[in-house]
Structures are given as C-alpha cells and as structure tokens.
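Here is a short briefing for a reader who is new to this structure. Please keep the sequence and the 3D view open while reading.

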Amino acid sequence: MRTVELLVDDAADQTVREAWRRLADAGLPSQARHSSPTNSPHLTLAACPELTGPIRWELAEVAAHLPLPVRCSGLIRFERPTCVLAWALDPDPALTALHRRVWEAVASDSPPETLNPLHAPGRWNPHVTLGRTRRAGAFADRRIPGLLPTPPQTFLLTTLRSFDTHTGALEVLEPRG
C-alpha cells in the first residue's frame with residue numbers, strides 16, 4: 001500500500017516528538033518506539049495500492065496548495081482494533097477540501113475494496129498520532145493529559161509525501177512545476 005500523508009512544520013514536529021518521548025518515558029505506547037527513519041509526525045489522508053499516473057497528477061495539484069495552516073483541537077482517543085492516542089485537528093473547510101481532493105484522486109484509480117473506509121470523507125478524523133497499541137484501554141489513564149506538552153494551537157502542514165508499506169520507501173510528492 002501507498003499512504004498519502006502531510007508532514008507538520010518543524011516546531012510542531014518537535015512538540016509531537018516531545019509528546020512521544022514523554023509517553024515512552026512513562027512506559028506507555030508511543031510512536032517514539034517506532035524506530036524507522038521514516039517515522040515522522042504526520043497526518044494520514046488516504047492509502048491506496050499504488051500511485052498511478054492519474055493519481056499522481058491530482059496529488060501534484062494538491063501539493064501546490066501547501067503549506068496549509070491547521071488548528072489542533074485537543075487530545076483524542078480511538079478504540080478501534082488499534083487503540084490510538086492523538087492530537088485531533090479541526091476539520092476546517094480548507095483541510096476538508098484538501099482531504100476530499102486526495103480521497104477522490106486515490107478513489108478514481110484504485111479498486112474500491114482496497115481503500116480504507118475510515119479515510120473516506122465524512123468518516124475521516126484528522127489527527128496526528130502520539131501512540132498506538134493493540135492493548136485495549138491503554139490510554140485510559142487519567143494522568144496522560146498531564147504528561148504531555150501543550151499541543152501547538154496552530155501549525156502548518158508543509159509537505160505531501162507517500163510511504164510504500166512494502167518497500168519502506170518514502171517519496172515527497174511535489175507540485176507540478
């Protein structure tokens with residue numbers, strides 16, 4: 001699979017990595033334990049089997065609209081098959097429109113059954129992951145918010161990239177130019 005992600009600006013990157021470190025130091029699940037050099041604070045927009053020519057064409061247009069300011073709306077937990085602790089992002093009209101363009105691009109040239117329905121417009125929950133685990137209730141501890149640094153109120157989404165889950169390769173998706 002190929003993810004389509006947005007990286008955060010340098011200041012937000014440092015704050016997220018500090019949150020990762022604090023969770024790890026407290027013995028909690030943390031993205032700090034994900035040792036791959038490709039592990040960076042990011043917002044996942046979608047995933048698809050491959051970035052075909054038509055998909056790449058549309059993603060280049062999306063990349064031309066960066067950087068994009070976003071607002072962090074606080075701490076959020078998901079209890080799906082994977083338990084996730086994250087900083088939620090406000091799905092304002094600009095972010096929602098950018099996400100919709102990415103979704104429509106990947107959906108236009110991918111078999112529908114290969115797309116994650118949680119990435120679909122209306123179901124997508126924009127967030128930057130702080131920790132994840134398969135252990136249910138891992139983030140139910142009431143002291144967790146006090147462990148974390150204050151999230152940035154606003155920051156920029158700066159770079160569109162794709163991660164190939166099979167090869168581990170990262171690719172920055174540039175605007176047409």
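The points below cover the strands, the core, one helix, and a few single residues.

The model is a predicted one. Strand S1 pairs with strand S2 and with strand S6, in the antiparallel sense each time. Its largest nonpolar core has 45 residues.

**Strand S1 and its partners**

- Strand S1 covers residues 2-8, and strand S2 covers residues 42-48.
- S1 and S2 are antiparallel and share six bridges.
- One of the paired positions is Arg2, whose bridge partner in S2 is Cys48.
- S1 also pairs with S6, again antiparallel, over four bridges.
- Here Leu7 has Thr159 of S6 as its bridge partner.
- S1 is mostly covered, with seven of its seven residues buried.
- Arg2, Val4, Leu6 and Val8 point one way from S1, while Thr3, Glu5 and Leu7 point the other way.
- In a regular strand, side chains alternate between the two faces of the sheet.

**Strand S3 and its partners**

- Strand S3 spans residues 68-79 and strand S6 spans residues 154-163.
- Four bridges link S3 and S6 in the antiparallel sense.
- Val70 is matched with Phe155 of S6 as its bridge partner.
- S3 also runs antiparallel to strand S4 (residues 83-89), with seven bridges joining them.
- S3 and S4 make a hairpin, with three residues between them.
- Within this pairing, Cys72 stands opposite Leu89, and Phe78 has Val84 as its bridge partner.

**Strand S4 in the middle of the chain's pairings**- S4 is joined to S5 by six bridges, and the two run antiparallel.
- Ala86 stands opposite Thr129 of S5.
- S4 is mostly covered: seven of its seven residues are buried.
- Cys83, Leu85, Trp87 and Leu89 point one way from S4, and Val84, Ala86 and Ala88 point the other way.

**Leu85**

- Is Leu85 buried or exposed? Leu85 is buried, because its relative accessibility is 1% and the cut-off for buried is under 20%.
- Leu85 belongs to strand S4.
- Leaving out residues up to four places away in sequence, Leu85 touches ten residues named here: Leu23, Leu75, Ile76, Arg77, Thr129, Leu130, Gly131, Phe139, Ile144 and Leu148.
- Leu85 and His127 are 42 residues apart along the chain, and their C-alpha atoms are separated by 9.2 Å.

**The nonpolar core**

- Which residues have the most contacts inside the largest nonpolar core? They are Leu45, Leu59, Leu130, Phe155, Leu157 and Leu160.
- Helix H3 (residues 93-108) supplies the largest share of this core, six residues.
- Nonpolar side chains tend to be buried together in soluble globular proteins.
- Neighbours within four places aside, Leu45 is in contact with Val4, Glu5, Leu6, Leu98, His99, Val102, His119, Trp124 and Leu160.

**Helix H2**

- Helix H2 runs over residues 53-63.
- Its buried residues are Ile55, Leu59, Ala60, Val62 and Ala63.
- Seen down the axis of H2, these buried residues fall within an arc of 155 degrees, so they line one face of the helix.
- The elements that cover them include S1, S2, H3 and S6.

**Two prolines**

- The peptide bond from Leu66 to Pro67 is cis, with omega near 5 degrees.
- Most peptide bonds are trans.
- Pro67 lies in the loop between H2 and S3.
- Pro126 lies in the loop between H3 and strand S5 (127-133).
- Pro126 is buried, because its relative accessible area is 3% and buried means under 20%.
- Beyond residues up to four places away in sequence, Pro126 touches Leu43, Trp87, Ala88, Leu89, Pro91 and Leu95.
- Pro126 and Thr44 are 82 residues apart in sequence, yet their C-alpha atoms are 7.6 Å apart in space.

**Aromatic rings**

- How many aromatic pairs are there? The count comes to zero.
- The charged end of Arg176 sits over the ring of Trp57, 3.7 Å from the ring centre.

Definitions and conventions: Residues numbered from 1 in each chain as written. Predicted model: local features only at pLDDT ≥ 70, side-chain atom pairs only at ≥ 80, totals over all residues. Heavy atoms only, no water. Pairing = 2+ DSSP bridges. Phe/Tyr/Trp six-rings, centres within 6.5 Å; stacked < 30°, edge-to-face > 60°. Lys NZ or Arg CZ within 6 Å of the ring centre and 35° of its normal. Core = buried A, V, L, I, M, F, W, Y, C linked by side-chain atoms within 4.5 Å. Buried < 20%, exposed > 50% of the residue type's maximum accessible area, 1.4 Å probe, protein only. Contact = heavy atoms within 4.5 Å. Arc of directions from axis to C-beta.
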